[in-house]
Amino acid sequence: TSPVPSGIEVIDVPNTGNTPTLDAQIDAAEWEGAKVISYDCSNTERPGVRAQFYGPFTLGSPEDLTNTVYLQHNGQYLYIGLDIVDDVISLRDETVSSWWNDDSVEVYIDEDNSDSTTGGTQITIRADNTAGSLVSGDYADWLDGESQLKADGSGWVVELAVDLAAHSMEVGGTYGFDMTVNDSDGENPPNAQGVQDWLYATYETAYYNESYW
């Protein structure tokens with residue numbers, strides 16, 4: 001990791017009026033007009049948003065991990081779509097509670113803009129929508145969504161919806177937001193992460209420190 005920031009500070013999420021079907025397919029008509037952001041693990045301009053946990057540090061390639069994010073709302077729901085390119089799909093025992101050690105996505109939302117340095121919660125979605133895909137407990141009602149592997153084995157897709165009113169989030173408001181893609185290629189110790197790519201810097205404390213989002 002490094003102290004270099006991501007270069008992405010504010011994302012304007014448009015009101016497209018769309019209501020996507022949450023079927024883990026990025027349909028062009030359903031996401032027309034959405035804000036699109038793409039980042040991959042070969043980008044030398046954003047080293048501060050990548051963490052590698054095992055082996056010598058390498059930047060990898062776009063085929064190894066690329067995340068294309070779609071963001072939109074319709075006045076009622078914030079919709080998040082992710083088209084992930086991943087050349088090695090790695091999913092371990094479905095009963096493992098540490099979902100972030102599989103190929104997965106983590107979403108972070110500071111709905112009250114408290115900038116808490118201890119209050120962040122990992123909302124994790126596994127790549128294949130199997131057990132443990134959506135967070136449980138106090139945040140079980142945060143998201144509706146679905147993920148699925150691509151038929152050609154080149155990655156996976158996620159579609160998510162956040163009920164804005166249910167979390168006292170207003171259209172036109174500004175809220176802390178972050179996300180990371182976990183890429184576990186299977187060469188690491190059992191139930192261990194390989195690489196994380198974050199939208200914002202930095203890895204070390206961003207998963208619980210809302211002030212980074």
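**Exercise 1. Describe how S3 and S4 pair, and find the turn between them.**

Step 1. S3 and S4 pair in the antiparallel sense over 8 bridges. Strands here are DSSP runs of E with at least two residues, numbered from the N terminus. Two strands pair if DSSP finds at least two bridges between them.

Step 2. The two strands form a hairpin with 3 residues between them. Gly 75 sits in the turn and has a positive phi of about 90°.

Step 3. Pick one bridge. Leu 71 has Ile 80 in S4 as its bridge partner.

Before going on, note the ground rules. This is a predicted model, in which local features need pLDDT of at least 70 and side-chain atom pairs count only at pLDDT 80 or more, while totals for chains, interfaces and linings use all residues. Residues are numbered from 1 along each chain as its sequence is written, and side-chain values use heavy atoms, with hydrogens and water left out.

**Exercise 2. Decide why S3 can be called largely enclosed.**

Step 1. Fix the terms. Buried means under 20% relative accessible area, exposed means over 50%, and partly exposed lies in between (1.4 Å probe, protein chains only).

Step 2. Count. In S3, 8 of the 8 residues are buried, so the strand is largely enclosed by the rest of the structure.

Step 3. Check both faces. Thr 66, Thr 68, Tyr 70 and Gln 72 point one way. Asn 67, Val 69, Leu 71 and His 73 point the other way, and all are buried.

Step 4. Look at the other partner strand. S1 is joined to S3 by 6 bridges and runs antiparallel to it. Here Lys 35 stands opposite Leu 71.

**Exercise 3. Work out the strand order of the sheet that holds S3 and S4.**

Step 1. Write the order: S1-S3-S4-S8-S7. These 5 strands form an open sheet with antiparallel pairing.

Step 2. Mark the edges. They are S1 and strand S7 (144-149), each pairing on one side only.

Step 3. Add the twist, which averages 10° from one strand to the next. The angles run from 0 to 180 degrees between N-to-C directions, with axes as lines fitted to C-alpha atoms, for helices over the stretch in contact.

Step 4. Follow S4 to S8. The two run antiparallel and are joined by 9 bridges. Gly 81 has Glu 159 in S8 as its bridge partner.

**Exercise 4. Do the same for the sheet that holds S5 and S6.**

Step 1. The order is S2-S10-S9-S5-S6, again 5 strands in an open, antiparallel sheet.

Step 2. S2 and S6 are the edge strands, each pairing on one side only.

Step 3. Neighbouring strands of this sheet are turned by 15° against each other on average, direction ignored.

Step 4. S5 and S6 pair over 4 bridges. Val 107 stands opposite Ile 123 in S6.

**Exercise 5. Find which residues touch the most other members of the largest nonpolar core.**

Step 1. Define the core. It is a set of buried Ala, Val, Leu, Ile, Met, Phe, Trp, Tyr and Cys residues joined through side-chain atoms within 4.5 Å.

Step 2. The largest one has 31 residues. Ile 80, Leu 82, Val 105, Val 107, Met 179 and Leu 199 touch the most other members.

Step 3. Name some suppliers. Elements giving two or more residues include strand S4 (77-85), strand S5 (104-110) and strand S9 (176-183).

Step 4. Zoom in on Leu 82. Contact means heavy atoms within 4.5 Å. Leaving aside neighbours within four places in sequence, its contacts include Val 105, Trp 156 and Met 179.

**Exercise 6. Is Asp 197 buried or exposed, and what is the case for Gly 60?**

Step 1. Place Asp 197 in strand S10 (residues 195-198). Asp 197 is buried, with a relative accessible area of 3%.

Step 2. List some residues that Asp 197 touches, not counting those up to four places away in sequence. Among them are Tyr 39, Asp 40, Arg 50 and Met 179.

Step 3. Turn to Gly 60, in the loop between strand S2 (50-52) and S3. Gly 60 is partly exposed because its relative accessible area is 40%.

Step 4. Leaving aside neighbours within four places in sequence, Gly 60 is in contact with Cys 41, Ser 42 and Arg 50.
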